[in-house]
Amino acid sequence: MPKCEECKNFFPWEDNPRKGDCVERAVDPRQAYYKAKPVNADQDSADCSSFQKK
Amino acid sequence: MGEPAISIVEHEKRQEWWWAAEKKRSSRLDYLRKAIWKKGAIGGLYPQGLYVDLERPVLQTEKARELESSPDPYVIKFAKILAHVLDNKTIFITDHSQLVGYLGSLPNTITWDPTLAAVLNHEVVNDPTCIQEPLEESLKIISEVADYWAGKSDLDKIMPYLDLDDAMKVLSGAIGWGVPLSRGGYSGKDYEYIMTGVHAFEDIIEELDRRIDEADEKAHEPGASKEISDLYDKMNMWEAMKIALEAGIRYAKRYARLARIIAENYETDDERKEELLQIAEVCEHVPAKPPRTLQESLQYDLFIQLFSRNEAIEGAWPARPDYYHGPYYEKQVNVDKTLTKEEALDLAGEFLIRAAEVSQYKVKWAREGLQGIEGTWVWTLGGVKKDGSDACNGMTIALLQASRLVRVANPTFAFRWHPKVSDEVMREVFECIRQGLGYPSIRNDPVLIANAMNWHGHPIEEARTWAHQACMSPAPCTKHGFQPMRMANATVNCAKIIEYVFSSGFDNVVNMQIGAETPDAATFTEYNQVFDAWVTQMKTVFSILVRPVNRARILAPKMTPRPFLSAISERSIESGLDVCDPSISRGNAWITAFTWVENADSLAAIKKLVFDEKKYTMAELKEALANDWQGYEEMRLDFVKNAPKWGNDDDYVDTIMLDCLHEAAKFSRELKCPSGNSWPILPENVSGNIHYANIVGALPNGRRLGDALYDGGISPGPGLDKKGPTAVLKSCSKIDHISDGRAFLLNQRLSPTQLAGEKGYQLWKTYMKTWADLGLDHVQFNCVSDEILRNAQKDPEKYQEVIVRVAGYSAHFVDISRKTQDNIIQRTVQGLG
Ligand code: SF4
């Protein structure tokens, strides 16, 4: 079962590596941006369409 | 071959200011301006491409569920829910941006707060326009969230404690709008405490810790008293404030981390890398510590505004950005030379853009009343410092220039004019008006300072710190002077007052008795009887709307607390009381008087045609109005054309206007807010004149049900001011702008051709001198030609960026209803000189 910590988009927090930011590039009809949301390192990423192996 | 490129000068000659601006602004501002997702509702519906953000309601609901069995008092639970949202929501950084932070999870989202009111949640459930695909999945989430908060939302909690009769009349939508909630209105801020570079979040947390420790020690010494009992509530409040501030610091650090991740892992452009590292440094520093630079100061302010809007729906944005950011501008641009004017202009422009993006899901009547915008973000510029000297600075000019480059319709500016304002600044103000922004509106600073002292007893130094609490009303930014929540439901649809004179208070549109049961108007044989009935209806309607606000203000500290807003307010930090607690506020309430002038014009028509000339009887008039003038067209035209109208320097009707205002002012002093202060009236409209068109029945000024009402404040009816701009000013000057009410909105239309060049500036300056000499407190201008407005109606795609002044706010012309568009075109274009 792949986990978020194995994903290229996962950036662990220095003070708590069991958590991290999931950072993705997004482009909508008006602007381009990077977005981030907190995820657990051991979160199951099997269903994540954005998963990219590190 | 494409059309030859048009030069900036040519665009300006053609008054195509929006295209000229596009060519003049930096590539960064151009990108960011075009990146905005416009959030203002059009015809009550949100524009295509936007959707309701479900992330936050889900986070709020999951945390609330988790805390259900917790022994924490409500205020701490509430702060923890706020912290949970800030810790877990998606954040983003837009390319080229230097300032960060948005309420929603993505740029095209509208945030929804399900904790406020079940009525709001029902609207989301039934919203046909902005639910994200896959629809079924979204609707399931929305229903679950709405179900969870049913009975738990603020309004649900407050309602049983209000007078049911008053509440039903308020909720009928006939006489007022808004709800009496401390998390749903206009929040002033204690900027003198939080924005002067002395205190930031870490300083406050330290102070809160000290107070909690002291209180804890005292509470456990031998003894017992009310004071000791009160300490437990205070400790909870201080704890909740701390939770909110700590979450704010963590939220900023999330941006710092994201900016570093982008710089170190993704960005290839060295210049942008530097900018991202700069963003990281800024967000590591503020809001934890006081700002050191202009960028930090703007970012700090933006964070504060966002946190406050994470806690409440704020329909306005009281601010004085040149005053509080000016010292950083001066230091960096003029003293240290660490920032160029162009760089500062970019930051000022981006600050406007960040504010323009802010959006919160609102009920339909609010969306209709604020056509094309998200709320009345009227930022205050200019004015005087506490010592009375001129407060204008480099940032005043930078913001005025930036507004012409980014041309957002919201925020707008209101400029506090006073005799010491330099010609350089006045020219910048004029340039914004000439270029058709519809702002700044101009406020008469000496008059409004005197007004604040007169009505609410603010000491002069406090009064001088004022900023617009919403579109129009001045409120100081000090410890005791600022008003944490103006609940919008003390907003009166005043045309109902004269309507109820003829129906003995029965509202035929919503079918209920709302006003007073005054005697049958058909039996009146003297004008005084009409006026007495009018006074009774005015007092009744005002009271119905004011009482729920007073009640909600008293209930707010316990039932709907504001831990974040309290945490940035010196009076709450000191006292341990919620910021809305009336015992720590001077009180600065006002009654917004929508659709006011219809009363004077109607009474004048009755007096002249019924009682002076005896052409009609009151019974005939009552019958004509009951039939919406149908079958009485000739009579109706008599009331339109042959009765004197406000705004023509005609004492006949102007005296009646003064009689109405004097009665209202007298009663305002009897109406008291929970802090013991008065409730003066403030005539203005937003776009209530269109919203209420189908709610106000036929009126004696010749108006029929469905016709647009006047555009508001003390502005004459559109096209009814026939004697020129000086006559308008003279009529308005008969009002005492210090003691007859809190403020008086005046719309004027000027000709862009006449305002061209130096001659145009001199003409306008002469007009403004007359306005100031006559002691008016407000004026705002539309300066877009009929030709451009008509072309925009025909070809909206081509004129997307044309801005007009609607009422207390500006909007893009294409985003307002046809009825409002027509109403603006109908306004008389005043020739100056
Ligand atoms: S949520 Fe998906 S994209 Fe994000 S870190 Fe986990 S697997 Fe990667």
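Domain bounds here come from an automatic or database domain assignment. This is a predicted model, where local features need pLDDT of at least 70 and side-chain atom pairs count only at pLDDT 80 or more, while totals for chains, interfaces and linings use all residues. Residues are numbered from 1 along each chain as its sequence is written, chains are lettered from A and ligands numbered from 1 in the order in which they are written, and side-chain values use heavy atoms, with hydrogens and water left out.

**View 1. The largest pocket draws on two domains of chain B.** Domain 1 (1–34 + 312–483 + 747–764) and domain 2 (491–745) each give at least three residues to the lining. A pocket, on a 1 Å grid over the protein atoms alone, is an open set of points with protein on both sides within 12 Å along at least five of seven lines, and lining residues have an atom within 4 Å of a point. The volume is about 750 Å³, taken as the space filled by probe spheres set on the points, with grid points joined across faces, edges and corners. Look for B:Gly178, B:Val179, B:Val363, B:Trp365 and B:Ala366, which lie nearest the centre among the 42 lining residues. By class, that's 25 nonpolar, eleven polar and six charged (Ala, Val, Leu, Ile, Met, Phe, Trp, Tyr, Cys and Pro count as nonpolar, Asp, Glu, Lys and Arg as charged, and the others, Gly among them, as polar).

**View 2. The largest cavity holds about 150 Å³ of space.** A cavity is a set of points where a 1.4 Å probe fits but cannot get out; there are nine of 30 Å³ or more. Of the 13 lining residues here, B:Lys38, B:Lys39, B:Ala356, B:Ala409 and B:Asn410 lie nearest the centre. The lining splits into five nonpolar, four polar and four charged residues.

**View 3. The second largest cavity holds about 90 Å³.** Its 14 lining residues include B:Gln483, B:Val549, B:Arg553, B:Ala589 and B:Trp679, the closest to its centre. Eight of the lining residues are nonpolar, four polar and two charged.

**View 4. Helix 14 of chain B is mostly covered.** All 18 of its 18 residues are buried, meaning under 20% relative accessible area (1.4 Å probe, protein chains only). Helices are DSSP runs (H or I, at least four residues), numbered from the N terminus.

**View 5. A shell from chain A surrounds the ligand.** Around it sit A:Cys4, A:Cys7, A:Asn9, A:Cys22, A:Ser45, A:Cys48, A:Ser50 and A:Phe51, each with a heavy atom within 4 Å. Five are nonpolar, three polar and none charged.

How values were computed. Buried means under 20% relative accessible area, exposed over 50%, partly exposed in between (1.4 Å probe, protein chains only). Helices (H or I, at least four residues) and strands (E, at least two) are DSSP runs, numbered from the N terminus.
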